[in-house]
Amino acid sequence: MDAKSLELLEFPQIKKILAGFTSFSASRQLALDLQPVTDYQQVALLLRQSAEARNLLCVKPGFTIGGVRDIRQEVGLASVGKTLTPQSLLDIQNTLAATGQVRNTLNGLSAQVPQLWGIAADLVEFGEIVENIAHCLSPAGEVLDRASARLGNIRRQLAELRQQLQQKLEATMKTPRGREIIQEPFIVEREGRFVIPVKIEYRREMKGIVHDVSNTGATLYIEPLATVDLGNNIRELMAEERREVDRILLSLSDEIGEHEKEISTNIQRIAELDLVLAKARYAHNTGAVEPVLVRLVDDEEAAVAETPRVLKLTEARHPLLGVTAVPLSVELGRDFSVLIITGPNTGGKTVAIKTIGLLSLMTQAGIPIPASDDSQMPVYDGVFADIGDQQSIEQTLSSFSWHMGNVLRIINQATKKSLVLLDELGTSTDPVEGSSLAIAILHHFLSRQTMTVATTHFSEVKAFAHTTAGMQNASFEFDPITLSPTYRLTVGTPSGSNALAIASRLGLPQEIVAEAQRLVPETSKQLETILSSLRRQEQEITALRRQLEKEREDAEQRNRELETERQQMRVDLRSMIQQARDGVASEAAELRRQIREAESELRKQKSRERLDQAKRTIAAVAQQLEREVLQTGDEADGPTSRANTISIGDTVWLKEVGVKATVLSVSEERQEVEVQAGQIRITLGLEGIDKVTFADGEAAVMYTPPGRGMTLQPVSRELDLRGKRANEIQSVLDQYLNDATIANLAEVRIIHGFGTGTVRQVVRELLAAHPLVKTYRAGQRGEGGDGVTVAQL
């Protein structure tokens with residue numbers, strides 16, 4: 001990237017701001033050294049890392065790299081045999097522990113943040129070194145007794161000797177003479193020796209070594225001769241302690257120095273990771289996002305490129321202006337490659353081109369930009385700018401010369417994949433020549449298809465852009481009422497400079513403004529009139545477009561509401577129909593229940609009538625038989641009915657199935673009889689049997705009811721009633737239960753399905769009242785659930 005353009009676009013300021021979001025010195029330096037890159041894949045990777053870091057901080061808001069420090073210098077010293085201080089060792093311990101924690105955390109989230117894990121995966125864990133330092137050093141940096149057995153032994157001896165020494169000194173001070181000569185009853189330490197404060201006038205009374213004198217000269221600090229040997233022993237042990245501590249520190253340092261390369265790599269990786277997190281924190285703080293990247297391709301590839309080579313900024317803000325920045329929306333590269341921005345002085349033109357250039361540089365440095373997330377940024381091979389005025393008296397460099405030097409450098413270096421930003425092109429010289437030069441320079445960049453944004457006040461440049469394909473005018477609006485700029489960019493029409501209006505607003509005497517107005521050439525006035533007319537038309541078109549857009553949005557919203565209402569009406573209608581069906585089904589089920597009850601009552605009534613009729617018939621037949629017997633005295637041939645009352649033990653014929661059975665019990669009240677045929681017991685009405693006898697020597701003959709054959713078909717253990725109507729169920733079910741009972745089935749399954757539940761209700765009501773059914777239940781999970789009823793016969 002062009003270094004001078006980076007300065008002109010204030011990219012170093014962005015780096016300083018970004019550095020403020022880093023956590024330690026190594027990542028801070030990376031931020032200050034950050035440079036935009038021109039490789040599309042590299043830029044895409046940087047932006048993916050930034051996006052993942054933003055997501056990570058959303059999932060884990062408190063995630064940081066911990067207490068990491070740049071320990072590379074200390075580790076380097078250890079690698080050449082230097083002994084590190086306890087504090088340096090603690091810094092190394094905390095840093096290595098923090099890097100291990102970061103690695104473990106990102107490893108657990110590697111599926112969500114694969115790019116960040118790609119950085120952290122190279123981190124080497126040094127758990128043993130961390131444990132060794134923690135074993136030897138306290139958090140305050142003191143070497144612990146447990147650091148080595150020798151150190152612990154030395155310190156135990158020191159403690160014992162100090163105790164002996166203190167006891168001797170205390171005994172000396174507690175004597176009557178000692179209490180008289182000492183200044184204060186305290187044992188103090190001077191130069192590593194334990195001494196007693198003695199009054200100066202009694203210095204001859206205490207034999208020993210004077211180690212110090214008080215500031216007032218009234219006190220001598222004397223080590224009694226009786227304790228000198230103990231003091232010497234203590235000093236020797238203290239020297240041994242220092243040597244052992246130094247040995248321990250050197251051992252820890254050597255262990256660290258052996259891994260100098262890996263630890264330095266750890267610091268580099270953790271700094272890279274912290275820089276990505278700093279970008280995410282910056283994005284959170286400024287509302288920045290990663291834009292959509294656009295790859296600039298050659299002419300041969302342009303026809304098949306998925307994304308057109310377009311720069312598109314939506315609601316973009318200059319990152320150095322903060323909340324005061326007016327959002328900028330602009331597009332370049334789709335229908336035109338050169339954009340000419342016009343408008344009043346202090347109207348926002350320079351800020352606009354700086355915003356475009358600075359956001360391009362930030363994107364290619366992997367920094368999120370303050371704009372909407374639908375913004376698109378190409379990856380340029382260079383961003384070039386000529387902005388401001390840096391004339392130099394020392395170098396005899398005029399403003400025009402300085403600008404031309406910049407333009408010459410840009411012309412020599414820019415390609416069709418570059419972005420060129422030119423502020424006030426052609427100024428600081430004769431207006432006629434300056435405008436002609438500006439047109440020629442812009443035409444050069446247009447012919448090379450280099451994306452270019454330029455600002456100008458020249459009417460000739462505006463007219464050239466208006467009539468040249470591939471170029472477009474844009475202008476910052478100017479409020480004619482307040483005579484102040486609005487900082488809103490409108491693409492499609494140029495704008496006047498409004499220099500006279502601004503001068504008047506700033507306080508220039510009105511007569512001077514009026515005189516200047518009279519001196520403006522007629523052609524310039526006519527051009528300004530045309531431009532004003534174009535601006536008014538553009539404003540009217542824009543207002544109409546906005547109105548039509550609003551009407552379209554309102555119509556779409558109304559259509560959505562109508563569709564929602566229509567869908568709701570369908571749901572309500574289906575619900576009403578279902579409710580009506582459920583009501584009809586419920587009423588039909590109730591009617592069927594009432595009909596069955598009525599049928600049951602009718603059957604009962606009919607049974608009573610038939611029983612009475614049967615009794616009368618039997619009585620009449622009995623009388624007739626008795627008369628015939630009395631008249632003829634002959635026995636009846638074959639089985640004959642008896643008129644006497646059926647009793648237990650009698651043999652009867654079952655009319656329905658034509659088999660012989662024995663009576664087990666008789667209920668006159670219910671008009672029922674319990675019989676046994678083979679292994680089957682059956683309870684049935686009296687109308688279903690005939691009492692029979694046989695002539696002597698005759699064999700029993702099977703009774704066959706009319707219409708029934710003698711062959712009994714196999715009976716299934718299941719009856720499927722699905723698809724049957726409610727009024728068909730009773731006869732089918734009744735016949736099936738009879739057949740199942742004859743076939744000696746103990747349990748049967750009635751399949752009725754789920755449906756509305758009507759068939760299920762009819763089946764269970766019939767089973768509850770049927771004389772052949774002992775109990776019934778709903779099917780279990782493996783039997784069909786509530787779509788099946790299981791009956792015990």
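What percentage of the 793 residues of the protein count as buried? The figure is 40%. The legends below describe a predicted model.

**Figure 1. The whole protein holds 22 helices and 24 strands.** The chain has 793 residues, and 40% of them count as buried. The protein exposes about 43,400 Å². Carbon and sulfur atoms supply 51% of that exposed area. Now take the contacts between residues at least 6 apart in sequence. Of these contacts, 67% join residues at least 24 apart.

**Figure 2. Strands β1, β2, β4 and β3 form an open sheet in that order.** The pairing in this four-stranded sheet is antiparallel. Which strands stand at the edges? They are β1 (188-190) and β3 (208-213). Each has a single partner strand, so one side of each is left without a neighbour in the sheet. From one strand to the next, the twist averages 50°. Strands of a sheet pair through backbone hydrogen bonds, either parallel or antiparallel.

**Figure 3. A closer look at β3 and β4 shows two strands joined by five bridges.** Strand β4 covers residues 219-224. The two strands run antiparallel. One bridge can be picked out by its residues: G208 has P224 in β4 as its partner.

**Figure 4. Helices α9 and α11 meet the strands of this sheet.** Helix α9 spans residues 149-174 and packs on the sheet. Helix α9 touches β2 (193-199) and β4. The direction of α9 makes about 10° with that of β2. Helix α11 spans residues 228-257. Helix α11 lies across β2, β3 and β4. Its angle to β2 is about 140°.

**Figure 5. Strand β17 pairs with β16 and with β18.** Strand β16 covers residues 651-654, and β17 covers residues 659-667. Four bridges join β16 to β17, and the two run antiparallel. In this pair, T651 has T662 as its bridge partner in β17. Strand β18 covers residues 672-677. β17 and β18 also pair in the antiparallel sense, over five bridges. Here V663 is the bridge partner of V675 in β18. How many residues lie between the strands in the hairpin of β17 and β18? There are four. In this hairpin, Q671 takes a positive phi near 55°.

**Figure 6. Strands β21, β22, β24 and β23 form another open sheet in that order.** The pairing in this four-stranded sheet is mixed. The edge strands are β21 (718-720) and β23 (775-778). Each of these edge strands pairs on one side only. The twist averages 20° from one strand to the next.

**Figure 7. β22 and β24 pair with each other, and helix α21 packs on their sheet.** Strand β22 covers residues 747-751, and β24 covers residues 788-792. These two strands pair in the antiparallel sense over five bridges. V748 stands opposite A791 in β24. Helix α21 spans residues 726-742 and touches β21 and β22. The direction of α21 makes about 160° with that of β22.

**Figure 8. Two cysteines, C58 and C136, show different degrees of cover.** Is C58 buried or exposed? C58 counts as exposed, because its relative accessibility is 62% and the cut-off for exposed is over 50%. C136 counts as buried, because its relative accessibility is 8% and buried means under 20%. A disulfide is a covalent bond between the sulfur atoms of two cysteines. With a cut-off of 2.5 Å between cysteine sulfur atoms, the count comes to zero disulfides.

Notes: Residues are numbered from 1 along each chain as its sequence is written. This is a predicted model: local features need pLDDT of at least 70, side-chain atom pairs count only at pLDDT 80 or more; totals for chains, interfaces and linings use all residues. Side-chain values use heavy atoms; hydrogens and water are left out. Two strands pair if DSSP finds at least two bridges between them. Axes are lines fitted to C-alpha atoms, for helices over the stretch in contact, and angles run from 0 to 180 degrees between N-to-C directions. Contact means heavy atoms within 4.5 Å. Buried means under 20% relative accessible area, exposed over 50%, partly exposed in between (1.4 Å probe, protein chains only). Accessible areas come from the Shrake-Rupley method with a 1.4 Å probe; for residues, only the protein chains shown count as cover.
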